[in-house]
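Biologist: Could you take me closely through one part of this model, the open sheets with the helices that pack on them, and set that part against the protein as a whole? I would like the cut-offs stated as you go.

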Amino acid sequence: MSAPDCLDSAEFLDDYYDSSQHPTKRLKVNDGDSDFDSDEEGRNVGGSDAGDHDRDQDRDRDRDRPRSQYKTAPSPVVHVRALCDSVIEADLVKGVDRFGLVSYVMMLPNKRQALVEFQDLQSAQKCVAYSKRRIVTIAGHPAFFNFSTSQRITRPGGPEDPKHINNVLFLSIQNPLYPITTDVLYTVCNACGPVLRIVIFKKNGIQALVEFDSVQSAQKAKASLNGADIYSGCCTLKIEYAKPTRLNIFKNDSESWDYTNPDLTARDERRRQGQPALLGDHPSTYGGFQPNPLALPHRMDSRASNSRPVHLYSAPDYEFVPQGKVIMIYGLNPHKMNCEKVFNLLCLYGNVEKVKFMKSMPDAAMVEMGDEFSVDRAITHLNCVEMFEKRINLCVSKQASIVPSQSYELADGTDSYKEFTNSRNNRFTNPGQAAKNRIQPPSNVLHFFNAPLCVTEEYFQEVCEECDLRPFKTFKTFTGKSDRSLSGVLEWEAKNEAVEALTVLNHYQMKNTNGPYPYTLKLCFSTMSHA
């Protein structure tokens, strides 16, 4: 593209904002969206004579107003819309780096939008001017560009200084189908530069802080790994710069490790030597999982010709001697819970085979899962969750499996033991079905699907009232997803209310007005923070 095409953008933009070809004349925008302005905003479009008279008055006033009132002022930050769902940060950088250096990108995946901050205003003007004349594609799909009302993007991981970057990265692991340990993250990150320390925490899903030897290594890791899948179709990395510049590690284990101080492990062992263990060093069946430390075969290159999400590893093939497939759940409300409701909650994290309530402990139940990974996921996301005015605790049971025994009647009249091995509502029965699940921690927003097309908000509220659940505050449906069923989101005021609703309403049978078989409503925790 020649310099006049890109650089003489001021006159072009003035003309283009008055042109009927401008996208704001033909693109439907959301109410209150300040990043796409329109001359037609706020006008009366009624068909009456009074409406015509009002429009004539509006036009007279419009002619007296300066054109700048209808334009968003030029800004180094560009607002990008109409992105496809699979777009990642590297796709955006690849699509716009021809216009100039990019300082920062903020993805807004739930809105299919993004903000791109260039290092200077001229680069942003080039981008916007070019997009008015030609189609700009991001990941093979056309996108719309305009100046943002913000002059810079606020960094979530640091202070207001746009140049704030350091050698510590904040990693959020989305859809963690497999365990994430310091060994896994070290193998992934060390290929981009020497890793000094790693801390993993599980307060809200799985996050980690990774300290590199230099800022340059951290920048390389962020550019190469952001948006990549550690394993195929899951364990997706979302990376930002963190606030701390150094991590404090007190012991080396699967959740924290100081690679500059291997003596932490030895010191911890020496500290325990004063008092001998009751059962020796470890069980005879002990084993750990050790990811194969292969070099990354397909690291992401933001300037590569194909920047789709990469898979750093295939599904883990490491030797894993598990702790067990049975979970103990304590703190259940015996007057509100039964085997079906326990299944409804845990099936989000793996196949459920058996559920058994304990007669000697009415608030406890045993759940046998399909595999050990499911146990790890369930404990990681559900431990200490509040529901029905109680806080539940999950841990691995000493039992290798649940042995069927004589059942008794629970408070609601159902049996205390039930098998779900052949249940059609299990969601991890094969690799293809398992890959469709998005492992999420509990939230106050539920995603529903497989509901009848005729279902309404009022119907959902009636169902909640019938099941003695608190009413939701927001109801939204997704259009165009399917012509056979309805999907959408429901938002409650508090997380515990949504957890209770999922426990009761997941797999709820909804009447089918067009056939003999009912719809089985399916629920899961949404990735959205607000509906």
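Modeller: Of the 531 residues of the protein, 47% count as buried, where buried means under 20% relative accessible area, exposed over 50%, and partly exposed in between, with a 1.4 Å probe and protein chains only. This is a predicted model, in which local features need pLDDT of at least 70 and side-chain atom pairs count only at pLDDT 80 or more, while totals for chains, interfaces and linings use all residues. Residues are numbered from 1 along each chain as its sequence is written, and side-chain values use heavy atoms, with hydrogens and water left out.

The protein has 14 helices and 25 strands; these are DSSP runs numbered from the N terminus, helices being H or I of at least four residues and strands E of at least two. Where contacts (heavy atoms within 4.5 Å) join residues at least 6 apart in sequence, 71% of them link residues at least 24 apart.

One open sheet of 5 strands has the order S2-S3-S1-S5-S4 and antiparallel pairing, two strands being paired if DSSP finds at least two bridges between them. Its edges are strand S2 (102-108) and strand S4 (136-138), each with a single partner strand, so one side of each is left without a neighbour in the sheet. Neighbouring strands of this sheet are turned by 35° against each other on average, direction ignored. S4 is joined to strand S5 (residues 141-147) by 3 bridges in the antiparallel sense, and Val136 has Ala143 in S5 as its bridge partner. Helix H5 (residues 89-96) packs on this sheet, touching strand S1 (77-81), S2, strand S3 (113-118), S4 and S5, and its direction makes about 135° with that of S2; axes here are lines fitted to C-alpha atoms, for helices over the stretch in contact, and angles run from 0 to 180 degrees between N-to-C directions. Helix H6 (residues 121-133) also packs on the sheet, where it touches S1, S3, S4 and S5 and makes about 130° with the direction of S5.

The other sheet to consider is likewise open, with 5 strands in the order S18-S13-S15-S14-S19 and antiparallel pairing. Strand S18 (393-396) and strand S19 (417-419) are its edge strands, each pairing on one side only, and the twist averages 20° from one strand to the next. Between strand S13 (residues 326-330) and S18, which run antiparallel, there are 4 bridges, and Ile327 stands opposite Val396 in S18. Helix H10 (residues 339-346) packs on this sheet against S13, strand S14 (352-357), strand S15 (364-369) and S19, its direction making about 140° with that of S14. Helix H11 (residues 372-382) packs on the sheet as well, touching S13, S15 and S18, with an angle of about 155° to the direction of S18.

As for the interior, the largest nonpolar core, a set of buried Ala, Val, Leu, Ile, Met, Phe, Trp, Tyr and Cys residues joined through side-chain atoms within 4.5 Å, has 85 residues, and those with the most contacts inside it are Leu171, Leu346 and Phe357. Helix H14 (residues 495-505) gives the most to this core, with 6 residues. Apart from it lies another core, of 22 residues, among them Val87, Leu92, Ala114 and Ala124.
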